[in-house]
Amino acid sequence: MLPFLEKLGNEIPPFDFRFRVRSMSVTFIKYGYVSRGVSTVLYRNIDLRQHQFYVYADCREEFTPPQPQRSAPWGAIASAWAILHYLGEEGFLKLAKAARRRP
């Protein structure tokens with residue numbers, strides 16, 4: 001929401017990679033109209049992303065993020081992609097503007 005509010009001319013404190021932020025977690029639930037279970041992590045650079053990869057073998061099955069897990073809600077992932085493309089930047093700007101007007 002913050003990038004869109006900023007584009008609409010609202011004064012927003014530094015919150016992204018222009019500041020000293022190294023990574024950002026993004027969920028699409030509230031204003032993305034997407035069901036729970038869909039999120040992503042953005043990294044300032046590829047070197048930081050390498051620390052996300054690990055293997056934990058002391059459990060029943062090997063755990064190797066960041067790919068979607070076998071139980072991933074593929075329908076939710078597909079709907080997130082479709083909604084993001086349907087709304088696009090203009091749609092999210094309209095939603096941010098409407099949300100800002102609310103009391």
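Colleague: What makes Ala78 count as partly exposed?

Modeller: Its relative accessibility is 46%. Buried means under 20% relative accessible area, exposed means over 50%, and partly exposed is in between (1.4 Å probe, protein chains only), so 46% puts Ala78 in the partly exposed class. Before we go on: this is a predicted model, in which local features need pLDDT of at least 70 and side-chain atom pairs count only at pLDDT 80 or more, while totals for chains, interfaces and linings use all residues. Residues are numbered from 1 along each chain as its sequence is written, and side-chain values use heavy atoms, with hydrogens and water left out.

Colleague: Where does Ala78 sit?

Modeller: Ala78 is in helix α3. Its C-alpha atom is separated by 9.7 Å from that of Val34, and the two residues are 44 apart along the chain.

Colleague: What pattern does the chain follow along the sequence?

Modeller: Going along the sequence you read α-β-β-α-α, with 3 helices and 2 strands in the chain. Those labels come from DSSP runs, numbered from the N terminus: H or I with at least four residues for a helix, E with at least two for a strand.

Colleague: Which residues make up the largest nonpolar core?

Modeller: That one has 5 residues: Phe28, Val34, Val38, Ala76 and Ala80. The name is given to a set of buried Ala, Val, Leu, Ile, Met, Phe, Trp, Tyr and Cys residues joined through side-chain atoms within 4.5 Å. In soluble globular proteins, nonpolar side chains tend to be buried together.

Colleague: Which residues is Phe28 in contact with?

Modeller: Skipping neighbours within four places in sequence, Phe28 is in contact with Tyr33, Val34, Val38, Ser39, Thr40 and Leu84. Contact here means heavy atoms within 4.5 Å.

Colleague: On to charges. Why are Glu6 and Arg18 called a salt bridge?

Modeller: You need a side-chain nitrogen of Lys or Arg within 4 Å of a carboxyl oxygen of Asp or Glu. The Glu6 and Arg18 side chains meet at 2.8 Å, N to O, so the pair qualifies. Glu6 lies in helix α1 and Arg18 in the loop between α1 and β1, so the bridge ties together parts that are 12 residues apart in sequence.

Colleague: What makes Asp16 part of a network?

Modeller: Asp16 also forms a salt bridge with Arg18, the closest N and O atoms being 2.9 Å apart. Salt bridges that share partners join Glu6, Asp16 and Arg18 into one network.

Colleague: Are Asp16 and Arg18 buried or exposed?

Modeller: One of each. Asp16 comes out at 14% relative accessibility, so it counts as buried, whereas Arg18 is exposed with 59%. Asp16 also touches Val21 and Met24, not counting residues up to four places away in sequence.

Colleague: How many salt bridges does a search of the whole structure find?

Modeller: It finds 3. Among them is Lys7 with Glu89, at 2.3 Å, N to O. Lys7 lies in helix α1 and Glu89 in helix α3 (residues 74-101), so that bridge ties together parts 82 residues apart in sequence. Lys7 counts as exposed at 56%, and Glu89 is partly exposed at 39%.

Colleague: Why do the side chains of Asn10 and Arg100 count as a polar contact?

Modeller: The rule asks for a pair of N or O atoms within 3.5 Å; within protein, one must be able to donate a hydrogen and the other to accept it, and residues adjacent in sequence count only if both atoms are side-chain atoms. Asn10 and Arg100 have 3.3 Å between them, so the distance is inside that limit. The Asn10 side chain also reaches the backbone oxygen of Leu5 at 2.9 Å. Asn10 itself lies in the loop between α1 (2-7) and β1 (23-27).

Colleague: Last one: why is the pair of Phe4 and Phe92 called stacked?

Modeller: A search of the whole structure finds 1 aromatic pair, and Phe4 with Phe92 has 5.4 Å centre to centre and 20° between the planes. Rings of Phe, Tyr and Trp (its six-membered ring) pair if their centres lie within 6.5 Å; planes under 30 degrees apart count as stacked, over 60 as edge-to-face and the rest as tilted. Both values fit, so the pair is stacked. Phe4 is in helix α1 and Phe92 in helix α3, 88 residues apart. Phe92 is buried, at 12% relative accessible area.
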